[in-house]
Amino acid sequence: MKALQWQGKRDIRYDTAPDPVIEHPRDAILKVSSCAICGSDLHLFDGFMPGMKSGDVMGHEFMGEVMEVGKENKALRPGDRVVIPFTIFCGECFQCRRGHYSLCERSNRNAEAAAKLFGHTCAGLFGYTHLTGGYPGGQAEYVRVPFADTTHIKVPEGLSDEKALFLGDILPTGWQAAAQCDILPTDTVAVWGAGPVGQMAIRSAVIMGARQVIAIDRVPERLAMAQEGGAIPINFDEESVLDRLGELTSGHGPEKCIDAVGMESHVTRSFDAIYDRVKQAMMLETDRPHVLREMIYVCRPGGILSIPGVYGGLIDKIPFGASMNKGLTWRMGQTDVNRWADDLAQRIVEGQIDPSFVITHNVGLRQGPEMYKTFRDKEDGCIKVVLKPGQG
Ligand code: NAD
Ligand code: ZN
Ligand code: ZN
């Protein structure tokens, strides 16, 4: 089959990969109808996430048709149309029973390596590092889904691929980011990053009834899309984020802050961002936590920092004293996709949400390698790329 494969830093190729086969009785084999490139893929593309191997099949946002199921898989049948959550989960372990699917204790087949680094393992993820199991991903014609009898979302009748696809990642990710904020009608919610995750978080915060939602980025078309979704835009290249947030909140600061940027924060004019750039380049720091520092500084005391943005390793110069003394709550994590998916699918069916608004590029899988660059560099107005294996 054809698939997008990681061949090294900034080197993704459309090439032939082994056809997947059933390896375990709970598995399913899926024929991919649509897949997408996520901001998390960019951390692999840019070489910031350790544990990638040459030839790894990329992709953790995908959907399609079930072709074959293992003997113990009673939940799926050939012909079923499903979206696959990016977090692989067993449904039975301590964490799964509590709805913490992204922390499944059994789905990471390299659990020992993850535990060595993090203290404990986290769930297995598709198309991600070998620290999360090294499972071949869904930017491919076919994919093997482990624990497929639990690891799926059935697509409601009549929903197009474009409307359903993001149920597997960015929609529940934005939703969980907003839900973690426990939004009150008096709250200002500030969202750093108006990429696809930020866009979903903004719309979720609006639905959850925030008094005002503010979007921080520097890419004009992303800020315009955020504004259409009900947010007040701040362009960090043109104005001071701290001053503007102060003005918009009568000097109090936002009660809730969402980091939808993660470890690759762009260099702003602030000193700390330049310092991070240098330290990361010299391998003295793995992540660039500028947004975290800004959130701690500006958040109203007693507020919540919600962090869907991905971090991989060590960060430096975090004003922890400010965070402690201001009584801030930190909530974070990979998304427990299936905890939110049924509710969100229903909201799509009822027309409350249509996540396809974020798609700017819809092309064949073969164009994947150039689309990684276009998305990373935000060229050609690119906000979200959908790839179709069926179109070559
Ligand atoms: P993206 O790269 O398209 O979006 C990031 C946005 O942040 C860009 O628009 C960029 O211009 C903006 N940005 C950069 N530096 C900034 C700064 N200092 N202040 C404000 N904005 C800044 O990616 P995305 O798909 O939207 O993903 C965003 C993050 O969410 C990534 O870290 C990704 O790995 C993560 N993610 C997490 C989960 C999860 O389960 N927690 C799921 C999906 C994605
Ligand atoms: Zn993702
Ligand atoms: Zn589990």
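This briefing describes the overall build of one protein chain and then looks at several of its residues. The structure is a predicted model. The protein chain has 392 residues, and its radius of gyration of 20 Å agrees with the value near 21 Å expected for a compact globule of that length. Its secondary structure consists of 13 helices and 18 strands.

**The chain as a whole**

- The C-alpha trace spans about 60 × 50 × 45 Å along the principal axes of the protein chain.
- Of the 392 residues, 58% count as buried.
- Among contacts in the protein chain with a separation of 6 or more, 72% are made by residues 24 or more positions apart.
- The protein chain exposes about 16,000 Å², and 52% of this area comes from carbon and sulfur atoms.
- The protein chain carries 42 positive and 50 negative charges, and the mean positions of these two sets are 3 Å apart.

**The start of the chain: M1**

- M1 sits in the segment before β1, the strand that covers residues 2-6.
- M1 counts as buried because its relative accessible area is 15%, which is under the 20% cut-off.
- Beyond residues up to four places away in sequence, M1 touches the run D15, T16, A17, P18, D19 and P20, and also A140, E141 and Y142.
- M1 and Q352 are 351 residues apart along the chain, and their C-alpha atoms are separated by 38 Å.

**A buried asparagine: N108**

- N108 belongs to the loop that runs between α2 (94-97) and α3 (111-118).
- The relative accessible area of N108 is 6%, so this residue is buried.
- The N108 side chain reaches the backbone nitrogen of G133 at a distance of 2.9 Å.
- G133 is also in the contact list of N108, which leaves aside neighbours within four places in sequence and includes A114, T121, C122, A123, G124, L131, T132 and Y135.

**Positive phi at R10 and S250**

- Most residues other than glycine have a negative phi.
- R10 is not a glycine, yet it has a positive phi of about 55°.
- R10 is placed in the loop between β1 and β2, the latter covering residues 12-16.
- With a relative accessibility of 43%, R10 counts as partly exposed.
- S250 is not a glycine either, and its phi is positive at about 50°.
- The loop that holds S250 lies between α8 (241-248) and β14 (256-259).
- S250 counts as exposed because its relative accessibility is 65%, and the cut-off for exposed is over 50%.

**Two loop residues in contact: P289 and I318**

- P289 is found in the loop between α9 (271-281) and α10 (290-298).
- I318 is in another stretch of the chain, the loop between β15 (304-307) and α11 (320-325).
- P289 is buried, and its relative accessible area is 0%.
- I318 has a relative accessibility of 21% and counts as partly exposed.
- Leaving aside neighbours within four places in sequence, P289 is in contact with I318, and also with D276, Y311, I315 and D316.
- Counted in the same way, the contacts of I318 are P289, L292, R293, I296 and W330.
- The C-alpha atoms of P289 and P389 are separated by 36 Å, with these positions 100 residues apart along the chain.
- For I318 and G253, which are 65 residues apart along the chain, the C-alpha separation is 19 Å.

**An exposed proline: P78**

- P78 lies in the loop between β5 (61-69) and β6 (81-84).
- The relative accessibility of P78 is 53%, so it counts as exposed.
- P78 and V66 are twelve residues apart in sequence, and their C-alpha atoms are 4.8 Å apart in space.
- V66 and M67 are the contacts of P78 once neighbours within four places in sequence are left aside.

Key:
Residues are numbered from 1 along each chain as its sequence is written. Chains are lettered from A and ligands numbered from 1 in the order in which they are written. This is a predicted model: local features need pLDDT of at least 70, side-chain atom pairs count only at pLDDT 80 or more; totals for chains, interfaces and linings use all residues. Side-chain values use heavy atoms; hydrogens and water are left out. Helices (H or I, at least four residues) and strands (E, at least two) are DSSP runs, numbered from the N terminus. The radius of gyration is taken over C-alpha atoms; the globule rule is 2.2 Å times the number of residues to the power 0.38. Buried means under 20% relative accessible area, exposed over 50%, partly exposed in between (1.4 Å probe, protein chains only). Contact means heavy atoms within 4.5 Å. Accessible areas come from the Shrake-Rupley method with a 1.4 Å probe; for residues, only the protein chains shown count as cover. Lys and Arg count as positive and Asp and Glu as negative; His and the chain ends are not counted. The place of a charge is taken as NZ of Lys, CZ of Arg, CG of Asp or CD of Glu. A polar contact is a pair of N or O atoms within 3.5 Å; within protein, one must be able to donate a hydrogen and the other to accept it, and residues adjacent in sequence count only if both atoms are side-chain atoms.
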